[in-house]
Each structure stands twice: as structure tokens, then as C-alpha cells.
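Work through the following exercises with the structure open beside you, and try each task before reading its solution.

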Amino acid sequence: MDLEKDILKDMADGMLNDVVSSRAYEWLFKRYDSLFKDKIVMDVGCRSGLLSLMSVEVGAVKVIAVGNKESAEFVKKVISESEKEDIFEFVEGDINKIILPCGLKKVDVIVSEWIGHSVFVDSLFKEVIYAREKWLVKGGHIIPNVAQLFICGVAQHQRETIEVNILPQTDYPGRSYMVMEPVCLIEDYVTMEQQVTEKFLLKTIDLCTAHISDENFRLPFKLRGLTDSSLGAVVLYSDIGFSQPMGKYRRLFSTNPKKPRTYLKQTILFVDDPVEVAKRELVEGFLGMYYNPDEHREVEYSLSFAGFTVEHSGSEESEEPEEVSESDFEPDVVDLREIKEFSC
């Protein structure tokens, strides 16, 4: 995998401690256990190991995990000395270099905790696409396969400062002049009370049909004001779901400010010159996300409103999730007419 080991460990720990997403996946696997019964399953990333373990428990005949060795060891320990011990197998190495065990050529189901912050940050998007193209049988399933990226506006959010070198290294190699500047973006949580515009659906990603190029985009948005306020930042958040066999889309969990916090955070892009928004006023702009290996965590952003542009890159993190209540675990059903039809 491309992700650094410390990032994998941080996300795996977060998933194991996240009651909301864990309960949503548990519901999904039990509700659709027939999709796994006597099937060959590949866990791309094996970030927390939970999806591998759930696949074994609902009747998969073989579960192949690729990615996080520590999480794979956790799964092995749980099912050791049981009749299911031989079902699970870990394959070490980059996904584009491995060979499936037991002479296998195809898998029936791909499971993966592939989604990152604002969908693509620290994600396993490219790895799942590779696995789909190489190993997934025709008509096979990817779980979860749908992520929807939303944008909304907030009045303000705590903004940190960092020390930066303002001397261009092309002109002054090896020299530095450090100053404190406010960060362009952070990964954090906002509350519904901070929200000053309605949400807007930027992009829907279905892994059954997605292409590698889908992680690079620049899309228009329209934000309608909820109150008279200054818009000091925009927030990117996501809904994660699954296309049911009958065609309906089931939302599993969300990083919406109105929902309980999960291991996934929202991405907050700050605006240096706040935009004045009146109630019911429509503010239009463009949001771009681009894969850039030279940037921190390999994602670069662009944001523009009404004639001025702010470039963003990199990310910062802060604070931990809070506790959630038992009533927040039930996944939501969404009318397909609101989005589009999904099928592998």
C-alpha cells in the first residue's frame, strides 16, 4: 500500500474505537450475509481487520487480506483454534505485486475500509480499483461501494498557525526565514450550529464503475444561505453507503455535522477574506481536488468564490471523537431518485 505505516495504524485504531461505523458494518454483514455465504472475499487494506473478521463470521469460504499486517494478526488471533482458522489468509506486499493464494484467480466480493477524509485523503481508492479490475468476478460486489462528497459553509472555526519558510529555495537554497502563518485547512469536526449554508452534493463515487481519474476534479457548487452571516470556511464531508442487490442505496454512516462523529473527519478549508452571505442568498463557486504526490498526504485543493481564488494543500489534524448514543446506529435508506442508480 502507498500509505505510511503510522497513518495505517492511526486509522486502524480509530476504526476499532468507532462505534458508529462498526455497528453500521455489523448490521450490513448480518443483513446481507447471503452475499458472503460460500464466497471468496478480498479485504483490500485490512485497515482494522473488522471487515475480514465479519466476512469469516457470515460464511465466506475464503478471506484474503492485503495491506495491514498488524490488523491481519488480530484477525488470526481471534479465529485461531477454531473450525474457521483456515478460512483467513494474509498476503503481504503491494497489491500490484501479490499473487492470490491457493491458485485462485478471482474473488467474489471485495471489502475495504477505503474511504478517507473528504473521501480521497488517506484513502485506498486506487487500490480497490486495481483489485476490481484484476480479480473481481463479473457481477461481484464491492462493500462499501458508494461515497458522496458534500460541501457546506460555516461562519468560523478555530484556525491554527504554523511556522513556514518564506524564502524561495530556488533563489536561496538551504537558507530560511521563518514566520507564523495561519493554516489553509485542517481535518477536524464542525457542529451543526456553525453551519450557515445548506449542503450541496459535489460528487458521487461508485467503486463499481469509478475510474482512477475520478480523484481529480474541479466542480461547481451552489450554497444557499441559512442566515445572514460571514462565510469564513467551507466544510467537506461524506456519506458512505452500499448498493443493495435490488438497486436501492443504503447509507451506512456519515460525517455530516448533524451526525455523530466517526473516525473520519471533515475537511475545513479557510477563506482569508470571508464572504458575506444573506439568508436564502445563493453563493456560487468551484471546488477542486487533485492528486499531487508532492503535497502533504498527496492531495491539493482549489477553492473559488465570486471572482477570487484561494489555493489549498496539505492537512492538519486535531481532537478526538466524542461518545455517541445507541439510537444513532441504524443506517439510513435514500431514495435513488435523489442520486443515481448503482450497479456493479
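**Exercise 1.** In this predicted model, determine in which order the strands of the open sheet lie and how they pair.

*Solution.* Begin with the order, which reads β3-β2-β1-β4-β5 across the 5 strands of the open sheet, and then note that the pairing is parallel. Next, look for strands that pair on one side only, and you find the edge strands β3 (88–91) and β5. Finally, consider the twist: neighbouring strands of this sheet are turned against each other by 25 degrees on average, if direction is ignored.

**Exercise 2.** Find which strands helix α3 (residues 50–57) touches where it packs on the sheet, and do the same for α5.

*Solution.* Helix α3 touches β1, β2 (62–67), β3, β4 and β5, and its direction makes about 175 degrees with that of β2. Helix α5, in turn, touches β1, β4 and β5, and makes about 155 degrees with the direction of β5. Among the buried residues of α5 (residues 125–135) are Phe125, Val128, Ile129 and Trp135, and what covers the buried residues of this helix includes β10 (200–206) as well as β1, β4 and β5.

**Exercise 3.** Decide how helix α2 (residues 19–31) is oriented relative to α3.

*Solution.* The two helices pack at an angle of about 25 degrees, with their axes 10 Å apart. Because angles under 35 degrees count as roughly parallel, α2 is roughly parallel to α3. The contact is made by Ser22, Tyr25, Glu26 and Phe29 of α2 together with Leu50, Leu51, Met54 and Ser55 of α3, and these residues divide into 5 nonpolar, 2 polar and 1 charged.

Notes
Residues numbered from 1 in each chain as written. Predicted model: local features only at pLDDT ≥ 70, side-chain atom pairs only at ≥ 80, totals over all residues. Heavy atoms only, no water. Buried < 20%, exposed > 50% of the residue type's maximum accessible area, 1.4 Å probe, protein only. Helix = DSSP H or I, 4+ residues; strand = E, 2+ residues; numbered from the N terminus. Contact = heavy atoms within 4.5 Å. Pairing = 2+ DSSP bridges. Axes fitted to C-alpha atoms, helices over the stretch in contact; angles between N-to-C directions. Parallel < 35°, antiparallel > 145°, perpendicular 65-115°, else oblique. Nonpolar A, V, L, I, M, F, W, Y, C, P; charged D, E, K, R; others polar.
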